Amino acid sequence: MVSRFLMKVVEQIGRPIEPAPVHEQTIHASEGKFSVLWSGHATVLVHIHDKVFLTDPLFTNTVGMVMKRTIAPGLDPSRLSQVDFTLISHIHFDHFSFGSLDRIPKHGKLLLPLGSLPYTPELGFEEMREMRPWETIEHQGVRITAVPVQHFSGRYGFDMLWMRDRGYTGWVIEYKGITVFFGGDTGYHPELFKEIGRRFRIDLAILPIGPIEPRDFMERYHVDPAQALQVFQDLGARLMLPMHHRTLVQGFDPSPTYAIEQLLALADTAGITERILFLDIGEQEILPFLDS
């Protein structure tokens, strides 16, 4: 199985990176605005009024100088003049990219899961802070809580054998009546997400939907589209933004669009298509401020 995956990665190295689609974007924060922009993989730019949040920034052409992205980032980080909070879900190379963090503004806070600081170079952020599950930080009216998810720790593979802390987390952002959940990488757990849903009234859930195959290997650590919809239901969220697909070769899925095609079919069968934000890479959606 490992050799087959490595062959897929090597095949991708020789191929050109597909350019990101061109979409009209507004990337400056302003009062009265709630928007999300998917740059690819787990990188999402969230505006809530005058605050800007960025999840798992990945703007490099390769991951760990080995795995090549299939499509260019949908967001040029040089256009970012403000990032108030950068949220890292875990320390794997495709979610905690030092080269990508170097390209974004540093006058905000970098929030990390417990166990991450020993891996973190001095990146120049205003504050770098580890947070344990259910710990909350409040700053200028923003409230961010680290919440438990189901993944695995370590950055280099072998180091997970001695890491004492989880090294992975989900995040809940609350600001001016809007609540956003970012799941990072996670497998499905029958109680975790119901508990998060009990504690928070979530407007938007940003959830991974792949990689899917081989399912017996991926299932514990990566939800598939059906499980992502179950997480969405368990959270009780109003809207869902699918991510963690199309950008990298991470499993044996037969095509880059395999996961999103499955999700679209499942959502259509369930009659909830209007509650799923099917964003293209680089596409931004301005969302309504939903009544309570």
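Author: Two strands pair if DSSP finds at least two bridges between them; strands (E, at least two residues) and helices (H or I, at least four) are DSSP runs, numbered from the N terminus. This is a predicted model, in which local features need pLDDT of at least 70 and side-chain atom pairs count only at pLDDT 80 or more, while totals for chains, interfaces and linings use all residues. Residues are numbered from 1 along each chain as its sequence is written, and side-chain values use heavy atoms, with hydrogens and water left out.

Reader: Which residue in β3 is the bridge partner of Ile-48?

Author: β2 and strand β3 (residues 51–55) pair in the antiparallel sense over five bridges. Two residues separate the strands of this hairpin, and His-49 takes a positive phi near 55° there. In β3, the bridge partner of Ile-48 is Lys-51.

Reader: Which residue in β2 does Leu-37 stand opposite?

Author: Six bridges join β1 to β2 in an antiparallel arrangement. These two strands also form a hairpin with two residues between them, and His-41 in the turn has a positive phi of about 50°. The residue in β2 opposite Leu-37 is Leu-45.

Reader: Which residues of β2 point the other way from Thr-43, Leu-45 and His-47?

Author: In a regular strand the side chains alternate between the two faces of the sheet. Six of the six residues of β2 are buried (under 20% relative accessible area with a 1.4 Å probe, protein chains only; exposed is over 50%, and partly exposed lies in between), so β2 is largely enclosed by the rest of the structure. Thr-43, Leu-45 and His-47 point one way, and the other way point Val-44, Val-46 and Ile-48.

Reader: At what relative accessibility does Thr-43 count as buried?

Author: Thr-43 lies in strand β2. Leaving aside neighbours within four places in sequence, its contacts (heavy atoms within 4.5 Å) include Leu-37, Trp-38, Leu-54 and Phe-59. Thr-43 counts as buried because its relative accessibility is 0%.

Reader: Which strands stand at the edges of the open sheet of seven strands?

Author: This sheet has mixed pairing and the order β8-β7-β6-β3-β2-β1-β15. An edge strand has a single partner, so one side of it is left without a neighbour in the sheet; here these strands are β8 (127–131) and β15 (284–286).

Reader: Which residue in β8 is the bridge partner of Leu-112?

Author: Strand β7 (residues 109–113) and β8 pair in the parallel sense. They do so over five bridges. In β8, the bridge partner of Leu-112 is Glu-130.

Reader: Which are the edge strands of the open sheet of six strands?

Author: The order in this sheet is β9-β10-β11-β12-β13-β14, with mixed pairing. Two of these strands pair on one side only, namely β9 (136–139) and β14.

Reader: Which strands each supply at least two residues of the largest nonpolar core?

Author: A nonpolar core is a set of buried Ala, Val, Leu, Ile, Met, Phe, Trp, Tyr and Cys residues joined through side-chain atoms within 4.5 Å. The largest one has 34 residues, of which Val-36, Val-46, Ile-48, Ile-144, Val-180, Leu-204 and Ile-206 touch the most other members. The strands that each supply at least two of its residues are β1 (34–40), β2 (43–48), β6 (85–87), β10 (142–147), β11 (170–175), β12 (178–182), β13 (204–208) and β14 (239–243).
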